[in-house]
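Student: Before the assignments are discussed, I should like each term to be set against its criterion. May we proceed from the definitions?

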Amino acid sequence: MSAEVTKILVVDDDAFVRDMLSTILEASGYRVVTAENGAAALESYIADAGIDLIVSDVNMPEMDGVQLIKELRRNNHDVPIIIVTSVSSIAVAVEALNSGAIDYVLKDESIQDTIIITVKKAIEKHQMKKHNIQLVADLALKTSELENALSSRTAIINNMPDGLLVTNAEYLITLANPALVGMFGLERMELEGKDCRGIFNENLVSLLDKIRSEQEAVFTAQVELQGGRTGSAIVSAIRRKLYSSARQDEFIGALVIVRDVTSEKEVGRMKDEFISTVSHELRTPLTSVLGFTRVIQKKLDEVIFPQLPTNDAKAVRAMAQVNDNIRIIISEGERLTALINDVLDLSKMEAGKIEWKMEPVAIEEILDRAIAATASLFEDKGLDLNKVIAPGQLIVEGDKDRLIQVAINLISNALKFTDRGAVTVMARMAGMGEGSANGGAYSGFEQDAVLVSIIDTGIGIAEKDRTLVFEKFKQVGDTLTDRPKGTGLGLPICKQIVEHHGGRIWAESRVGEGSTFSFVLPGAPPAPEF
Ligand SMILES: Nc1ncnc2c1ncn2[C@@H]1O[C@H](COP(=O)(O)OP(=O)(O)OP(=O)(O)O)[C@@H](O)[C@H]1O
Ligand SMILES: [Mg+2]
């Protein structure tokens with residue numbers, strides 16, 4: 001017989017009943033072994049690991065059926081036991097069930113049928129029970145694995161040096177780690193479920209407002225921390241995809257990571273201050289060097305050179321060389337002065353130490369002044385400079401000289417990086433034309449905002465460099481083979497100025513075809529004197 005056949009131990013002191021039951025069960029395909037009382041059954045069961053079920057009489061010498069059950073259960077044997085009892089001793093059957101029997105059958109004329117049904121049911125029930133026990137064990141294992149994973153994740157979040165805040169769409173806190181609590185100097189209270197707006201400063205709450213209302217998925221910002229410290233926050237929206245409709249994804253919360261950058265900021269400030277001090281200290285002696293060199297050049301030209309003999313070839317050569325060297329000293333000195341002035345300018349702007357003379361200014365005037373200032377350079381290089389100004393008054397509230405500086409920087413860049421073609425200076429209302437065509441660069445500006453573009457047909461700027469060029473001292477392209485044509489401060493200065501005006505500046509380009517630098521400035525109502 002195969003191993004899957006169920007093996008049943010039939011226990012009865014009456015050989016006739018034993019035989020009868022064995023015959024019935026064997027006829028139904030079971031394997032049967034027998035024992036003549038509880039004690040013998042216990043021995044057999046322990047000796048034979050293959051017994052799946054016991055069918056036992058109640059009243060037997062030495063050890064009765066109920067005792068057998070108790071003995072097996074006491075030794076943690078889980079085998080299912082069916083008790084066979086006479087109608088008269090139904091109370092014993094109840095006791096047997098209470099002691100752990102799985103079922104009972106009555107010893108009557110229908111036992112032939114009932115025993116088979118009861119055995120089948122008992123086996124199924126037992127298997128079900130075993131299955132359930134396994135399920136419970138699996139569940140316990142999974143739960144403990146999950147708890148372990150969760151507790152290690154909680155440990156990570158709790159020990160993170162960065163502050164972590166998670167809120168739902170209603171500004172209620174779902175998670176705030178200890179680092180965050182410390183950064184904002186909060187009580188170590190239960191923060192979960194509380195409204196952020198009553199707990200964190202305006203500064204942080206405004207970031208949550210922003211991520212809620214804007215389409216941006218992630219942005220960074222500075223936040224004030226406790227004790228005058230500064231944090232850098234990365235704010236990210238948590239959105240749920242809505243498959244069912246074409247509407248935008250549902251905003252379900254925000255995630256904020258805050259890092260204390262007080263010392264980095266301080267180092268940056270010290271570096272800027274150092275550069276600004278050094279530049280300042282350089283400017284005074286440089287002014288003398290340049291001034292005296294100019295005086296020397298003048299004296300040489302007016303007084304000394306005319307007195308030298310023109311028939312002395314050696315003297316003429318020396319004169320030409322001195323003249324040339326003096327010219328180089330002056331032009332390099334001027335370059336150095338321009339650089340120092342740019343550094344000082346930028347550091348003053350960054351430190352907010354610049355005085356802005358804000359007034360309504362006409363963009364056309366700004367552009368005309370910048371064009372006039374660069375016209376001779378265009379002539380020298382043989383490039384065309386076109387001006388396309390949309391009709392109507394384009395007025396912004398701004399600092400005239402600073403805006404001229406922006407235009408000159410952009411026009412001279414266009415000139416510097418263009419060898420063929422032309423440079424076009426364009427201005428119009430930002431509300432007109434293809435507003436969204438450039439990634440919404442000036443979305444968010446009113447209809448009367450003014451857009452200025454400087455378009456060239458020059459070398460262009462690779463995509464990866466288009467935002468880098470607005471950083472200090474960044475010069476892109478092949479700086480190893482091409483001699484840098486400046487210091488890389490022009491665009492950062494433009495950015496500072498434009499942003500001070502509440503505007504935005506950006507570059508678009510195709511490598512080898514040209515670049516367009518544009519800025520948009522909020523419009524101003526024309527003043528009466530205009
Ligand atoms: N119109 C342009 N076409 C191609 N590249 C440009 C253009 N404008 C700027 N760039 C690139 O961006 C870099 C930074 O420009 P930025 O005006 O800041 O510095 P610079 O012109 O090199 O020096 P500076 O303006 O301080 O004299 C340039 O060196 C150049 O690589
Ligand atoms: Mg420049």
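Tutor: Helices (H or I, at least four residues) and strands (E, at least two) are DSSP runs, numbered from the N terminus, and two strands pair if DSSP finds at least two bridges between them. The model is predicted: local features need pLDDT of at least 70, side-chain atom pairs count only at pLDDT 80 or more, and totals for chains, interfaces and linings use all residues. Residues are numbered from 1 along each chain as its sequence is written, with chains lettered from A and ligands numbered from 1 in the order in which they are written.

Student: What makes β8 and strand β9 a pair?

Tutor: The criterion is at least two bridges, and 7 bridges join β8 to β9 (residues 230–240), so the two strands pair, in the antiparallel sense. Within this pairing Q222 stands opposite S232 in β9. The hairpin of β8 and β9 has 5 residues between the strands, and G227 takes a positive phi near 70 degrees there.

Student: How do you know that β6 and β7 pair?

Tutor: Strand β6 (residues 163–168) and β7 share 3 bridges, which satisfies the criterion, and the sense is antiparallel. L165 stands opposite A176 in β7.

Student: Why are β7 and β8 said to stand at the edges of the sheet?

Tutor: The open sheet has 5 strands in the order β7-β6-β10-β9-β8, with antiparallel pairing. β7 (173–176) and β8 (218–224) each have a single partner strand, so one side of each is left without a neighbour in the sheet. Neighbouring strands are turned by 20 degrees against each other on average, direction ignored (axes are lines fitted to C-alpha atoms; angles run from 0 to 180 degrees between N-to-C directions).

Student: What makes a residue part of the shell around ligand 1?

Tutor: Its C-beta atom, placed from the backbone, must lie within 6 Å of the ligand. Around ligand 1 there are 22 such residues, of which F417, Q475, G486, G490 and L491 come nearest. α11 (400–416) and α12 (490–500) each supply at least two residues of this shell, and the largest share, 3 residues, comes from α11.

Student: Why is the largest nonpolar core said to lie between two domains?

Tutor: Domain bounds come from an automatic or database domain assignment. Domain 3 (265–350) and domain 4 (358–521) both give residues to this core, so the core lies between them. α11 gives the most to the core, with 7 residues.
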